[in-house]
Amino acid sequence: MSSSGRRSLIADTAIATVAEAGLRGLTHRAVDTAAGLPAGSTSYYFRTRTALIGACYARIAELDLDDIESRQPSSREEAATSLGKLLHRWLTTGRERQLARYELSLEAARTPELGSALHREGLAARARASLILAALGAARPREAAELLVAWTDGLLFDRLAGATARTRPAPDLAELTAVARRMLDAALAG
């Protein structure tokens with residue numbers, strides 16, 4: 001396995017560890033064990049716990065941006081469909097990654113050396129949203145993107161860890177697409 005492949009394996013395993021056990025469960029040894037790597041492998045690539053947390057956050061951001069379709073939607077309806085699918089994916093097959101993202105974001109807010117990665121990755125998501133909204137006719141795409149990303153984050157948090165996490169039925173693609181449509185309409189109306 002290449003060095004970059006091993007780094008990705010470690011980051012992916014660390015993300016799964018954070019999603020399952022929280023940051024208290026994130027140790028170099030726990031990641032080595034879960035990844036099936038020899039003892040010391042994780043600390044070889046990520047010497048400190050802060051470096052390991054930073055690797056998790058960078059990997060989550062990379063995977064999240066990969067999930068966002070790079071093809072520009074041609075209409076609001078196409079954009080709503082894409083966003084609905086994205087929300088559905090992140091609430092189902094990507095649930096673990098999103099749970100870890102929230103846990104890691106709170107840590108980054110308290111740790112200055114992680115805060116810059118959080119800021120950089122957050123700006124990348126907003127830039128992607130801004131391009132999409134500009135193509136759909138937003139008068140102020142940056143402002144609209146900030147709102148859309150915040151609404152998306154709020155919806156995800158509420159459904160994954162918030163008040164409705166245990167009481168809502170399983171994510172429904174049609175319902176999420178309708179919510180996405182409303183969010184896009186509101187973002188584009190400003």
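A residue counts as buried when its relative accessible area is under 20%, as exposed when that area is over 50%, and as partly exposed in between. The model to which these terms are applied here is a predicted one. Tyr45, with a relative accessible area of 17%, is therefore buried, whereas Tyr44, which stands at 59% relative accessibility, is exposed.

These two tyrosines also provide a starting point for the aromatic contacts, of which a search of the whole structure finds two pairs. A pair of aromatic rings is described by the distance of the centres and the angle of the planes. Tyr44 and Tyr45 form an edge-to-face pair, with 5.0 Å from centre to centre and 85° between the planes. Tyr102 and Phe157 also form an edge-to-face pair, in which the centres are 5.3 Å apart and the planes stand at 80° to one another. This pair of Tyr102 and Phe157 links distant parts of the chain, since Tyr102 belongs to helix H6 (residues 95–110) and Phe157 to helix H8, 55 residues apart. Tyr102 has a relative accessibility of 14% and so counts as buried, while Phe157, with a relative accessible area of 40%, is partly exposed.

The ring of Tyr102 has a further partner, for the charged end of Arg101 sits over that ring, 4.7 Å from its centre. An arrangement of this kind is also found for Arg7, whose charged end sits over the ring of Phe46 at 5.2 Å from the ring centre.

Two other residues of helix H6 help to place this element in the model. Leu99 lies in H6, and because its relative accessibility is 21%, it counts as partly exposed. Leu99 and Phe157 are 58 residues apart in sequence, yet their C-alpha atoms are 8.2 Å apart in space. When residues up to four places away in sequence are set aside, Leu99 touches Ala19 and Leu160. Ser105 is likewise found in H6, and its relative accessible area of 16% makes it buried. With the neighbours up to four places away in sequence again left out, Ser105 touches Tyr57 and Leu118.

From H6 the description can pass to helix H8 and its packing against helix H5. Two packed helices are described by the angle between their axes and the distance between the axes. For H5 (residues 76–91) and H8 (residues 141–160), the axes come within 10 Å and cross at roughly 35°, and the crossing is right-handed. On the side of H5 the contact is made by Leu83, Leu87, Trp90 and Leu91, and on the side of H8 by Leu148, Thr152, Leu155, Leu156, Arg159 and Leu160. Sorted by character, the residues of this contact between H5 and H8 comprise eight nonpolar, one polar and one charged.

Ala144 also has its place in helix H8, and with a relative accessible area of 4% this alanine is buried. Beyond the residues up to four places away in sequence, Ala144 touches Leu133, Ala138 and Ala187. Ala144 and Ala124 are separated by 20 residues in sequence and by 15 Å in space, taken from C-alpha to C-alpha.

Helix H9 (residues 173–189) holds Ala186, which is partly exposed, having a relative accessible area of 40%. Ala186 and Leu148 are 38 residues apart in sequence and 8.7 Å apart in space, again from C-alpha to C-alpha. Leu148 is one of the residues through which H8 makes its contact with H5.

Note on methods:
Residues are numbered from 1 along each chain as its sequence is written. This is a predicted model: local features need pLDDT of at least 70, side-chain atom pairs count only at pLDDT 80 or more; totals for chains, interfaces and linings use all residues. Side-chain values use heavy atoms; hydrogens and water are left out. Axes are lines fitted to C-alpha atoms, for helices over the stretch in contact, and angles run from 0 to 180 degrees between N-to-C directions. Helices (H or I, at least four residues) and strands (E, at least two) are DSSP runs, numbered from the N terminus. A crossing is left-handed if the near helix is turned anticlockwise from the far one by less than a right angle, and right-handed if clockwise. Contact means heavy atoms within 4.5 Å. Ala, Val, Leu, Ile, Met, Phe, Trp, Tyr, Cys and Pro count as nonpolar, Asp, Glu, Lys and Arg as charged, and the others, Gly among them, as polar. Rings of Phe, Tyr and Trp (its six-membered ring) pair if their centres lie within 6.5 Å; planes under 30 degrees apart count as stacked, over 60 as edge-to-face and the rest as tilted. Buried means under 20% relative accessible area, exposed over 50%, partly exposed in between (1.4 Å probe, protein chains only). A charge sits over a ring if NZ of Lys or CZ of Arg is within 6 Å of the ring centre and within 35 degrees of the ring normal.
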